[in-house]
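Here's a quick tour of the empty spaces, one helix pair and a couple of backbone oddities. Have the viewer open and follow along.

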Amino acid sequence: MTRGKRGLIAAAVTVVCAVTVLAAPGAAFAAPAPTPTPSSTPGSAPATNEELEAVRKRLDTLYREAASATDAYNAAEEKAEQQSAEIVALAKRIVEGQERLDELKKRAGAAAAAQYRTGGLPPEAHLMLSDDPGEFLDGTGRVLQGERATKHLLQEMTRTQQDLQQYAKDASAQWQKLEAGRKAKSAAQKKIEQRIEAAEKLESQLEKEEKERLAKLEEEAAYQAQTAWLDTGVLDEIDGTATEQGRKAVEFATEQIGKPYEWGAEGPKTYDCSGLTSQAWAAAGSAIPRTSQEQWKQLKRIDVKDMRPGDLIIYFGDASHVGMYVGEGAMVHAPRPGRTITIAGAGSMPILGVVRPQAG
């Protein structure tokens with residue numbers, strides 16, 4: 001690769017950093033370490049290790065931001081499905097309430113018509129005009145019953161009208177939430193696409209040999225992190241045995257090895273990280289939250305030393321990545337765009353914590 005191209009790589013890293021920050025208002029990202037800027041003198045020379053390391057770190061940041069945005073996208077999609085279902089349920093209640101109100105109005109109309117047929121006199125007046133004491137006493141009971149029925153009818157009409165007003169108000173609120181969710185989903189999708197596009201553009205500046213060296217740098221970084229994690233002696237403490245459900249979840253997840261990562265995907269041909277773990281546990285008979293962030297929030301947290309195969313390892317401070325522990329210090333996960341589902345060291349990335357999808 002020419003020195004001019006080496007300069008292009010360095011410039012690309014700098015420009016992508018600037019574009020990434022400007023494209024995400026309200027989000028602050030740590031500035032990357034200064035990237036060496038080689039001389040632009042014509043000539044041929046491969047990118048230095050320092051340049052490739054800068055590229056590696058920038059790619060890692062971009063893909064992590066894409067992963068975080070993917071969680072936001074998946075969460076917005078899940079909420080939209082729930083809100084749509086609530087709107088449908090409210091619409092059904094409105095229809096049923098209107099039908100009930102129509103029925104009550106008919107009954108009220110029938111009662112008014114009956115009163116008209118009696119000359120408009122109230123039942124009490126007719127009783128007072130009766131000469132038969134027995135008829136008077138029997139009629140008094142019927143009048144009281146009729147008054148109670150009429151009062152109940154009016155109360156029920158009032159309650160039904162109030163219910164209809166509340167259902168309409170709730171439906172309007174759900175529509176507003178649905179619209180807000182649509183905008184959040186659209187913004188998340190835009191961010192995902194921007195980050196992935198920036199990462200792919202950065203990688204496209206590399207020659208084949210440089211991409212191979214970059215891959216080795218990625219492997220070396222993961223190896224060093226895993227080694228440091230194992231050096232703590234944590235594996236000596238981890239001896240949990242998988243439950244039957246955990247075993248099924250691990251079996252499902254490992255059967256997907258080799259399938260491509262795709263953001264927002266839940267299988268069967270492609271997955272993102274939380275799509276893989278949620279579907280694995282669904283196959284094992286347990287429904288768990290769709291996103292890694294909600295998995296971290298909602299599932300039972302346990303100490304790393306207590307984890308067993310099937311437990312989920314949540315990574316990074318924002319819980320933007322998740323893998324499934326399979327035992328022997330390893331986990332299975334869907335890494336990022338351009339990669340396939342694979343086995344990796346459980347400590348190859350910064351661990352936020354461990355959660356357990358099932359009780360017991």
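How much space lies in the largest pocket? About 940 Å³, going by this predicted model. If you want to centre a view or a box there, the residues closest to the pocket centre are D60, E218, A222, H333 and M349, out of 38 that line the largest pocket.

So who builds the wall? Three elements each give at least two lining residues to the largest pocket: α2 (49–117), α5 (208–230) and β5 (342–345). Helix α2 makes the largest contribution, with nine residues of that lining. Chemically, the lining of the largest pocket splits into 20 nonpolar, 10 polar and eight charged residues.

Next, the enclosed space. How many cavities of 30 Å³ or more does the structure hold? Just one, and its volume comes to about 40 Å³. Around the largest cavity you'll find A67, T70, D71, N74, Y261, D272, C273, S274 and S320. Both α2 and α8 put at least two residues into this cavity's lining, and α2 again takes the largest share, here four residues. By class, the cavity lining has three nonpolar, four polar and two charged residues.

Here are the two spaces side by side:

| Space | Volume | Residues from α2 in lining | Lining by class |
|---|---|---|---|
| Largest pocket | about 940 Å³ | nine residues | 20 nonpolar, 10 polar, eight charged |
| Largest cavity | about 40 Å³ | four residues | three nonpolar, four polar, two charged |

Now for α8 and its partner. Two packed helices are described by the angle between their axes and the distance between the axes. For α7 (residues 244–255) and α8 (residues 273–283), the angle is about 130 degrees and the axes are 8 Å apart. Why call α7 and α8 oblique? Angles over 145 degrees would count as roughly antiparallel and 65 to 115 as roughly perpendicular, so about 130 degrees lands in the oblique class. The crossing of α7 past α8 is right-handed. On the α7 side, the contact uses Q245, G246, A249, F252 and A253, while α8 brings L276, Q279, A280, W281 and A283. That contact set contains seven nonpolar and three polar residues, with no charged ones.

Two backbone details are worth a click. Which peptide bond is cis? The one from G267 to P268, with omega near 0 degrees. P268 sits in the loop between α7 and α8, the helix pair just described. Then there's A319, whose phi is near 55 degrees, a positive value in a residue other than glycine. You'll find A319 in the loop that runs between β2 (312–315) and β3 (321–327).

Methods:
Residues are numbered from 1 along each chain as its sequence is written. This is a predicted model: local features need pLDDT of at least 70, side-chain atom pairs count only at pLDDT 80 or more; totals for chains, interfaces and linings use all residues. Side-chain values use heavy atoms; hydrogens and water are left out. On a 1 Å grid over the protein atoms alone, a cavity is a set of points where a 1.4 Å probe fits but cannot get out, and a pocket is an open set with protein on both sides within 12 Å along at least five of seven lines; lining residues have an atom within 4 Å of a point. Grid points are joined across faces, edges and corners, and a volume is the space filled by probe spheres set on the points. Ala, Val, Leu, Ile, Met, Phe, Trp, Tyr, Cys and Pro count as nonpolar, Asp, Glu, Lys and Arg as charged, and the others, Gly among them, as polar. Axes are lines fitted to C-alpha atoms, for helices over the stretch in contact, and angles run from 0 to 180 degrees between N-to-C directions. Angles under 35 degrees count as roughly parallel, over 145 as roughly antiparallel, 65 to 115 as roughly perpendicular and the rest as oblique. A crossing is left-handed if the near helix is turned anticlockwise from the far one by less than a right angle, and right-handed if clockwise. Contact means heavy atoms within 4.5 Å.
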